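Let's explore a protein model together, one question at a time. Have a look first, and then we can start with its pockets.

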Amino acid sequence: MNNNMFCYQCSQTVNGEGCTIAGVCGKNETLARLQDNLIFAIKGISAYAYQAREFGIIDDEIAAFIEKGLYSTLTNVNFDIQDFVNLALEAGQINIKAMANLKKAHIENYGEPVPAVVEKGASKGHAILVTGHDLKVLEELLKQTEGKGINIYTHSEMLIAHGYPELNKYEHLKGQLGGPWFDQKTIFAKYNIPILVTTNCGLIPLDSYKDRIYTSGIEQLPDVPHIENYDFSDIIAKALELPELEEEEKTTYTTGFGKSTVLSLADKIKELVLSGKIKQFFVMGGCDLPNQKMDYYTEFAKQLPEDTVILSVGCGKYRFNDLDLGDIEGIPRHIDLGQCNDAIVGAEILTALTELFEMGLNDLPVTFVLSWMEQKAVSILWSLLSLGLTNIHIGPVLPAWIDETILNVLVENFNLKLVSTPEEDIKSILG
């Protein structure tokens, strides 16, 4: 029996025990996993850089890192494990720049987000539902549907659009249908209206709505019409062809807490913290996924004491953003900052808090509790680590690229913690 195999690290045939070139090749899975991690992080960076480019922002430093990072993963280029940890931290810094560029573009074009109460549910009339992350696509659709008797609804990460003044000014930006990305097959089937998928998170459509779903920008789906150059005439015609939606009972979401809004409350926040009325802030961010273990985040939010505040980013918030958590003397107990890329706002707020309280980043009464799923979350995690943040709680499922060696590095260097149960974690954090 031939036990030989091909080693993709050193481009040669080796015996079944693996290659030992450089002391790491073949038999050491950690290097390959760290390369996977870097590729995932670069995917996240690329998503934000691509969207910023739609607004004319092209950043040579980001492009140069993407080239270097991808090149470092080529066969027989780099066998140094520590170098890949350093590259991951560099990716985190580059991702901060990519998110900052995109946020700058959003604010310059649509204004600083302000808190908005968004109706969840349908109103009577023709409609189009927009999902994904691309605000530029949404803006162009709003322009082309103005005055045509078509209501525009958001889905999943597009919720934050309602907080931007230059988007919310359109009266036909009506509300939100559904919640996280993975409820789309249920929601898209329920509402007999056209759907526009603008970025990642689109799933292969069911037959029940395959004839009324469209993609635009980077997103494409099998046998689904793709809209080029922001020409939405076909989807508009489809919306007018289909029956009107009927009025239904509504609930609400609240979103749109921009940096300026939060920092305008800085003096009040400081007063409440110093008086003991706010004991801890929790940043709950990341991706949602259809996994029963994700109930952890719902229970975590429910069980937090009333003297705590949640700041949320990403679609993980749909595990608890339908809860009425009230406020602490006018400070909402749930402050939704927006999409995954709005993690940059959280970082900016943290920096401002270090100045407000005159203490280091890890001395602030702030704990990160992150949910995990896709590539953007990888880049954001390394952004947080690159800032020197420690004691991040992560779960319920570890990223596939983490093995015991990598986990030990993250635990030893950054005190990364795996979530256990809401009761145990809250007790451990609050003492």
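Q: Which helix gives the most to the lining of the second largest pocket?
A: Keep in mind that this is a predicted model. The second largest pocket holds about 250 Å³ of space, and its lining includes Lys43, Gly44 and Thr199. Two elements give two or more residues to that lining, namely helix 1 (29-53) and helix 12 (375-386). The one that gives the most, with 6 residues, is helix 1.

Q: How many residues in the lining of the second largest pocket are polar?
A: Let's sort the lining into kinds. In the second largest pocket, 3 lining residues are nonpolar and 3 are charged. The polar ones number 6.

Q: Which strand gives the most to the lining of the largest pocket?
A: The largest pocket has about 370 Å³ of space and is lined by 20 residues. Thr252, Tyr253, Asn321, Asp322 and Leu323 are the lining residues nearest its centre. With 4 residues, the biggest share of the lining comes from strand 10.

Q: Why do the buried residues of helix 7 line one face of the helix?
A: Buried here means under 20% relative accessible area, and in helix 7 (residues 233-241) that fits Ile235, Ile236, Lys238 and Ala239. Looking down the axis of helix 7, these residues line one face because they fall within an arc of 160°.

Q: Which exposed residues does helix 7 carry on the face turned away from its buried side?
A: The buried residues of helix 7 are covered by elements including helix 4 (135-145) and strand 5 (150-154). On the face turned away from the buried side, the exposed residues are Asp234 and Glu241.

Definitions and conventions
Residues are numbered from 1 along each chain as its sequence is written. This is a predicted model: local features need pLDDT of at least 70, side-chain atom pairs count only at pLDDT 80 or more; totals for chains, interfaces and linings use all residues. Side-chain values use heavy atoms; hydrogens and water are left out. Buried means under 20% relative accessible area, exposed over 50%, partly exposed in between (1.4 Å probe, protein chains only). The arc is that of the directions from the helix axis to the C-beta atoms. Contact means heavy atoms within 4.5 Å. On a 1 Å grid over the protein atoms alone, a cavity is a set of points where a 1.4 Å probe fits but cannot get out, and a pocket is an open set with protein on both sides within 12 Å along at least five of seven lines; lining residues have an atom within 4 Å of a point. Grid points are joined across faces, edges and corners, and a volume is the space filled by probe spheres set on the points. Ala, Val, Leu, Ile, Met, Phe, Trp, Tyr, Cys and Pro count as nonpolar, Asp, Glu, Lys and Arg as charged, and the others, Gly among them, as polar.
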